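I opened this entry to keep track of what I looked up, one item at a time. The sequence and the structure come first, and my notes follow.

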Amino acid sequence: MMKLEFTKEQVNTMQTALEKWGLNAQVGQTVEECAELVVVLQKYINRTNKPDIDKILDEIADVEMMLAQMRLVFKIDDKSIKERIDCKFKKLNEYLKREEV
């Protein structure tokens, strides 16, 4: 799987946005972008026709950008996220094994 990385210029842009609009505004924007992704995915579930992949892609990109800003703000590194993901996968695998019975 490909690891998503931002360029130095993109990180600088995110930091500029944080400085310009402030933490509360950017946290709010993160919530909004996540909500927009939820809406587009819910539309996919409710539709019987072809999904709008471009819209889904746009919303995933928006969420990824905002999550990157939150990682900057809260000083969350890749190692910490990886450790949490590993724990979550362990729990998921245990749950899946219980469901097989």
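**Notes on F6 and the helices**

I began with F6 and, setting aside its neighbours within four places in sequence, I found it in contact with V11, M14, E64, M65 and A68. The model I am reading is a predicted one. I placed F6 in the segment before α1, and I noted that the C-alpha atoms of F6 and M65 are separated by 8.9 Å although the two residues lie 59 residues apart along the chain.

Is F6 buried, exposed or partly exposed? Its relative accessible area is 30%, so I entered F6 as partly exposed, since that class lies between the cut-offs of 20% and 50%.

Next I looked up how helix α1 (residues 8-21) packs against helix α3 (residues 53-73), and I read an angle of about 75 degrees with the axes 10 Å apart. The two helices are therefore roughly perpendicular to each other. On the α1 side I listed V11, M14, Q15, A17 and L18, which meet M65, A68, Q69, L72 and V73 of α3. Sorting the residues of this contact gave me eight nonpolar, two polar and no charged.

I then turned to helix α2 (residues 23-46), whose 24 residues should span 34 Å at 1.5 Å a residue; its end C-alpha atoms are 35 Å apart, so the expectation and the model agree.

Which residues of α2 are buried? I wrote down Q26, T30, E33, L37 and V40, and I added that α1 and α3 are among what covers them.

Methods
Residues are numbered from 1 along each chain as its sequence is written. This is a predicted model: local features need pLDDT of at least 70, side-chain atom pairs count only at pLDDT 80 or more; totals for chains, interfaces and linings use all residues. Side-chain values use heavy atoms; hydrogens and water are left out. Axes are lines fitted to C-alpha atoms, for helices over the stretch in contact, and angles run from 0 to 180 degrees between N-to-C directions. Helices (H or I, at least four residues) and strands (E, at least two) are DSSP runs, numbered from the N terminus. Angles under 35 degrees count as roughly parallel, over 145 as roughly antiparallel, 65 to 115 as roughly perpendicular and the rest as oblique. Contact means heavy atoms within 4.5 Å. Ala, Val, Leu, Ile, Met, Phe, Trp, Tyr, Cys and Pro count as nonpolar, Asp, Glu, Lys and Arg as charged, and the others, Gly among them, as polar. The expected span of a helix is 1.5 Å times one less than its number of residues. Buried means under 20% relative accessible area, exposed over 50%, partly exposed in between (1.4 Å probe, protein chains only).
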